[in-house]
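Got your viewer open? Let's walk through this one chain by chain, picking selections as we go.

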Amino acid sequence: MVPLSYYLALSGILFACGVTGFLIKRNIITIFMSIELMLNGVNLSFVAFAAHWHTLAGQVFVFFVMVVAAAEAAVGLAIIIAVYRTRETLNVDQVNLLKL
Amino acid sequence: MISVHLILFLMFGAIAVAGAVNLLVQRHPINSALSLIAVMAALAGEYLLLGAEFVAAVQVIVYAGAIMVLFVFTIMLLNAGEEERTKGSRVAFLVGIPGMLLGSLLVAWVVLRHSGTEAVAAGGWTESLANVPARAVPGSPETIGPLLFHEFLLPFEITSILILIAIMGAVVLASKPPSSPPLGPGQGVKN
Amino acid sequence: MTETLNLWLIPVLPLAGAAINGFLGKKSSRTAVSTIALVFSGAAFAWALTVAWRLSSVTLPHQEFFVNNERLAHWIRSGSFSADFAFYLDQLSLVMLLVVTGVGFLIHIYSVGYMWEDAGYYRFFSYLNLFMFFMLTLVLANNYLLMFIGWEGVGLASYLLIGFWFTKDSAASAGKKAFIVNRIGDFGFLIGLFLIIQRFGSLNFTEVFSKVQPYAAETAGAGLLTAIGILLMVGACGKSAQIPLYVWLPDAMEGPTPVSALIHAATMVTAGVYMVARSHVIFERAPIALTVVAIIGTLTALFAATIGITQTDIKKVLAYSTVSQLGYMFMACGVGAFSAGIFHLMTHAFFKGLLFLGAGSVIHAVGGEQDMRKMGGLRSYIPWTTAVMGVATLAIAGIPPFAGFWSKDEILWKAFSSEHGSWIFWLIGVITAFITSFYMFRLLFMTFAGDYRGAKVDEHGHASHGHGHDGHGHGEPHESPAVMLIPLMILAVLSIFGGLVGIGNGFEHFLAPVFGTGPEAATAAGEPAGRGTEFLLMGVSILVALSGAVLAWILYVSSPYLPKKIAASLGSFYDAVLNKYYVDEIYAKLFVKPLVDGSTSILWQGVDRKVIDDTVNNAADGARHVSDEVRHMQSGNLRSYAGWIAAGAAVVIAYMIWLGVR
């Protein structure tokens, strides 16, 4: 059988990839996808712990994470579309109106 | 010790990691999206290995099948092209990458401290499986279902409201803005 | 507890009068204002008389709480220290009480006439009643702290009344000078009080004095009691205008004349003497302090008297005379003859009050002129005033059987014979008596004898440089109205007969329960042998007083050209005396100017500007600079934010791991 730490390592790698993508990518949609990648990594670790400690709550939680991710993706993409309409660009460096 | 489980784990794991790295490397968002779909599929396989059938199915149906399709549609709608190399932020590289590395190292250190080679153990499950048919495998819909509707009923209902809100938000945010300002009272009627 | 005398009424009635006049007086008629003032101060006097009447029914010393309610009277209860609003009645405070209320009431009556035309009429009476309240609190207090309230309060009233015509720069400055110099004395007073608290744990008279009783006299050298005594004397120097803090009293003549009479002759300036007499238990056990008191008193008496010879302003002469007579009182206390000092305090209140009020009458008569060189020959115009001024002058000069003789002679005798006294004090006292008699008769003759040298009083009632506000626009000097003359008469009667209580040591015996058997006992034991010396010295005093009068007659009546020649021959010495020995100028150079300069350069430029202001400004600047740097974080750049988030998350993870590992 596969040790728990393997699953956690895989989960960590996926999460780190997600953070890196979040930091270095310029296309807003790609950044979003990196976020989804992070969520997936976390889901994996939940399920791994659920199997390790024999508790189904982990899997139920994964279910809810997915629901939230879906809602977030929907709203986030809607926002991206709205931003694209006004700024005509998907480059996150050019969406800098948040400065003081 | 080498077993089928380990081989399968490594195979799915390799696909997942390759997909993740490819997401970082690719310049066109559609390629990144497709890589992400590959990651999700591989993760569904991992879930199956862990005995979470229901979660695996939901992963494929919802995540890969709905959310990623949504992403692809958006990429198509916005006609996203290849990414330009713009100089964005020094902070992201100077502070963010080291931060991320540090975090990863810490987590790795914790994991390695507590890890052994103990496998995922078999044994009794903590949730009561009283409502569950005798032959049911933990992780199947028969076992997850009662949990969802008994212990986790409140989150379940709240998430349904959350989805409703998300729908409304997405519709409002993404709809075309009206071409002319809405009419005020008393306007729109000639003389 | 014995029956209550409701002592609290005595201070509170004038306070009520002050409040009513202060708040309602502006819109009220003069009659209403004067009625209120007279009723309340008269009621205080009447109550003081009733207290005196019922004296035999209470055991003295008698203590009472405010409104006879212990809880109402609670003031400070802190650990083992307590001070209450409580009153203390014994023979000493009874004497002071009667003097303050009686003379105060008479001066109130006089002021009705004197201040009638003044625009600030109601304010004057409000302040005057307020002064009475504070002075009575001072006199009746049963602990040093309440006395100190009265002490400060009379200082306040003095400031308000000296600067009564506050639009005049000189009056305002004089008020400030009085208050500030007083405060310097109060500093010493306070340190003395702190020492008392520290050693004896209380400021209550009975407690402190009972704790001091067992102490032996500090003849071996200076000790705690000596320190306390000297510090209390410093306070008394400020309040009672002794060297070196007397400089405010001559300037205080800027105030209206009734103020000078009440505050700067009869009552406030005597507070220092009262305080020293009250603290006699401490002083008797600190011979060095007693000697210091005596030396200061004697020197002041002589010093001020010499200045009085040369002054030409009638009120200034009286002011220096007051300083000098106060010196006598302190000399008495300093040789241990406390009851003699109080006796002189009482008679001085009579004749000095009379002198000031009479001077006010004179000033009123000549339309505001205060320079004696422009007076003269007034006896035909204002006979009544002349008569009472003559009586007062005889009293102050120490000519029997007038009041001043008895008290002054008692002081001189005790200065000579007491165990703390010495013939030096006596000699200087006699010389001063000569000078006193001389300048008082000089004042009398310059003002009333000879021919009138003044300008005709013009239509507006101003003579040359009207100091006061009291002209009527008549053509020539005129007598004062009855409301001013009657108090003069009463005081004159007191000046004639007031001293007779001292015959046969009557006054001393009356105050004996207060002052106990101290040095007086020693003299009583040695009395038979000293009787002869006493009469001899008495004769010397009378002779000296008469010769002063004769000299004044010669110089100012029969040979008026002489004073100028003498002054010219004395040259610069005369100038120095005329200019009060330049003391004010010396003080200005030694103390005032360095203080002001130091204040400007160190405290203002250095501390206030550089330290305080700059600290605030630099703090603001620093905040601005810091935020200037920090604001770069808010760049609007999403990826920067992402970077910071990643770093922050790593920190939080590290912290949690550290928590878990610990």
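Start where chains B and C meet: select 13 residues of chain B and the 13 residues of chain C they contact (in contact means C-beta atoms, placed from the backbone, within 7 Å). Colour the chain B side by class and you get 8 nonpolar, 5 polar and no charged residues (Ala, Val, Leu, Ile, Met, Phe, Trp, Tyr, Cys and Pro count as nonpolar; Asp, Glu, Lys and Arg as charged; the others, Gly among them, as polar).

A word on the model: it is predicted, with local features needing pLDDT of at least 70 and side-chain atom pairs pLDDT 80 or more, while totals for chains, interfaces and linings use all residues. Residues are numbered from 1 along each chain as its sequence is written, and chains are lettered from A and ligands numbered from 1 in the order written.

Next, the other side of chain B: 74 of its residues meet 59 residues of chain A. On the chain B side, α3(B) gives the largest share, 12 residues (helices are DSSP runs of H or I, at least four residues, and strands of E, at least two, numbered from the N terminus). By class, that side has 50 nonpolar, 19 polar and 5 charged residues.

Now stay in chain B and show α2 (residues 29-49) with α3 (residues 53-78). Their axes, lines fitted to C-alpha atoms over the stretch in contact, lie 8 Å apart at about 175°, on a scale from 0 to 180 degrees between N-to-C directions. That makes the pair roughly antiparallel (over 145 degrees). Among the residues that meet are B:Leu36 and B:Met40 from α2(B), and B:Tyr63 and B:Phe71 from α3(B).

Definitions and conventions:
Two residues are in contact if their C-beta atoms, placed from the backbone, lie within 7 Å. Angles under 35 degrees count as roughly parallel, over 145 as roughly antiparallel, 65 to 115 as roughly perpendicular and the rest as oblique.
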